[in-house]
Amino acid sequence: MPAELMVRAGEKEYPVLVGKGTYEEAVPGIMRRLKPACVSVVSHPALQEMHGGALEKAIIEGLPSSGRIIWFTFPEGEENKTLVTVMAGYRFLLEKGFTREDLVLAFGGGVVGDLAGFLAATYMRGVRYLQLPTTLMSMVDSSIGGKTGVDLPEGKNIVGCFHHPEAVIADVSVLATLPGREVLNGLAEVAKYGFLYDPEILREMEGWPEGRPGGEYDFAPLVRRCAAHKARVVGEDERDLRGIRALLNYGHTFGHALEAALGYRMLRHGEAVALGMIMASRLAEWSGLARTPLVERHLRVLLPLLREVPRPLNISSREILRFMEADKKKGQALRFVLLKDWQSPVLVESLASDLVEEAVQESLRDLSEGE
Ligand SMILES: NC(=O)c1ccc[n+]([C@@H]2O[C@H](COP(=O)([O-])OP(=O)(O)OC[C@H]3O[C@@H](n4cnc5c(N)ncnc54)[C@H](O)[C@@H]3O)[C@@H](O)[C@H]2O)c1
Ligand SMILES: [Zn+2]
């Protein structure tokens, strides 16, 4: 039986299930409870091909014989997380006679989850949906918490809203097909929970001989642990207004600037965040905020996750700073999450920009020297 944890978000409460074989175990029951006449699975063609069969079987088991499953698939990649894809989704649902009583299933990584969640939030003023995350990143982070949305050419996640799923169901057996670099990508967010909240996670990561888990590794306990942190934080600060959910942005101020400066190619989000956490650890030490040395352990845990990053990155600390300044001009305060100590994060607003730039520069050097 998979362990169950609950997300409490305002009036709404929903379960997060993590385990092996959770589709089979949990999906039929959810279908019987929600009673949709039509289930629209939003996904990518390759995922439908690889794992769609097992999912369909579980859905059918809980649907009445008149029930229907319709697949809306779109090509992979952040570049398809757009209103153009959402529009195609609206038209598809309308044409298939999908109604407000029906159910959307987000079956994929964060790209599918964010887009399908937004589609569900806005189609006919909002329909119910489930998150079925299939990447490590989406299992430990993006599927929980109700943030949905799409990108504009001007920036990521500019259009979106809060819309919580009815349930999050993570079946870790699908991770068997996840490409290695995507595993490393998700592990960066895992490490983030370690630095922010959970010494056990760091200890486990430090025990992996090559800085990543071996082939037969069972991800369920680790995913469950991270999902519990995310669920707790969302419960304490659902709308990201109290400075609690904002702490989950550890490494992200640097990370977002890195991603943007590199045109969202070159680096996966988690890789950018890993580098960003290294930068933040330096900044915490140099600014005198940290009461303990931080950098060395950050490098030990995070550099192995950056092994597939193409080198050199061909980016200067100046350019990265420029992107951070650009965010500031758009009215977003330039805030850093820094550690005073292990598992002791704070939000910091004003820092000398030459110190920030030096932290960036030094960490880029670590990357080019590491592995
Ligand atoms: N809503 C939130 O709170 C939140 C939080 C963090 C990130 N995000 C968003 O998440 C997105 C990134 O998500 P991601 O890292 O999961 O990337 P992704 O969704 O692009 O997935 C990465 C790749 O892995 C493939 N894939 C997925 N599952 C697979 C499997 N089981 N086997 C083989 N291949 C598989 C996908 O098709 C894709 O090509 C970004 O758009 C980001 O903005 C949202
Ligand atoms: Zn992130």
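**Figure 1. A small enclosed space of about 30 Å³ is the largest cavity in this predicted model.** Searching the whole structure turns up one cavity of 30 Å³ or more. Who are its neighbours? The lining is made of Asn249, Tyr250, Gly251, His252, Thr253, Phe254, Ala280, Phe336 and Val337. Two elements, helix H9 (252-261) and strand E10 (336-341), each give two or more residues to this lining. Helix H9 provides the largest share, with three residues. Sorted by class, the lining of the largest cavity holds five nonpolar and four polar residues, and no charged ones.

**Figure 2. Three protein residues hold donor atoms for the zinc ion (ligand 2).** Look for Glu189, which offers an OE atom, and for His252 and His269, which each offer NE2. These donors lie 2.0 to 2.1 Å from the zinc ion. Along the chain, the donor residues follow the spacing E-x62-H-x16-H. Glu189 sits in helix H6 (residues 180-196) and His269 in helix H10 (residues 269-286), so this pair ties together parts that are 80 residues apart in sequence. You may also recognise His252 from the previous figure, where this residue is part of the cavity lining.

**Figure 3. A closer look at two of the zinc donors: are Glu189 and His269 buried or exposed?** Glu189 counts as buried because its relative accessibility is 0%. His269 has a relative accessible area of 17%, and buried means under 20%, so His269 is buried as well.

**Figure 4. The second largest pocket holds about 360 Å³ of space.** In all, 17 residues line this pocket, and those closest to its centre are Leu175, Ala176, Gly215, Tyr217 and Phe219. What kinds of residues make up the lining? Nine are nonpolar, four are polar and four are charged.

**Figure 5. Ligand 1 is surrounded by 27 residues.** The closest of them are Glu76, Glu78, Thr134, Thr135 and Thr177. Start with Glu76: a polar atom of its side chain lies 2.6 Å from an oxygen atom of ligand 1. Now turn to the backbone. A polar backbone atom of Val111 is 3.0 Å from an oxygen atom of ligand 1. At Val174, a polar backbone atom is 3.0 Å from a nitrogen atom of ligand 1. In this view, then, you can follow contacts from a side chain, that of Glu76, and from the backbone, at Val111 and Val174.

How values were computed: Residues are numbered from 1 along each chain as its sequence is written. Chains are lettered from A and ligands numbered from 1 in the order in which they are written. This is a predicted model: local features need pLDDT of at least 70, side-chain atom pairs count only at pLDDT 80 or more; totals for chains, interfaces and linings use all residues. Side-chain values use heavy atoms; hydrogens and water are left out. Donors are N, O and S atoms within 2.8 Å of the metal (3.2 Å for Na, K and Ca); water is not among the atoms, so sites may look incomplete. Helices (H or I, at least four residues) and strands (E, at least two) are DSSP runs, numbered from the N terminus. Buried means under 20% relative accessible area, exposed over 50%, partly exposed in between (1.4 Å probe, protein chains only). On a 1 Å grid over the protein atoms alone, a cavity is a set of points where a 1.4 Å probe fits but cannot get out, and a pocket is an open set with protein on both sides within 12 Å along at least five of seven lines; lining residues have an atom within 4 Å of a point. Grid points are joined across faces, edges and corners, and a volume is the space filled by probe spheres set on the points. Ala, Val, Leu, Ile, Met, Phe, Trp, Tyr, Cys and Pro count as nonpolar, Asp, Glu, Lys and Arg as charged, and the others, Gly among them, as polar. A residue is near a molecule or strand if one of its heavy atoms lies within 4 Å of it. A polar contact is a pair of N or O atoms within 3.5 Å; within protein, one must be able to donate a hydrogen and the other to accept it, and residues adjacent in sequence count only if both atoms are side-chain atoms.
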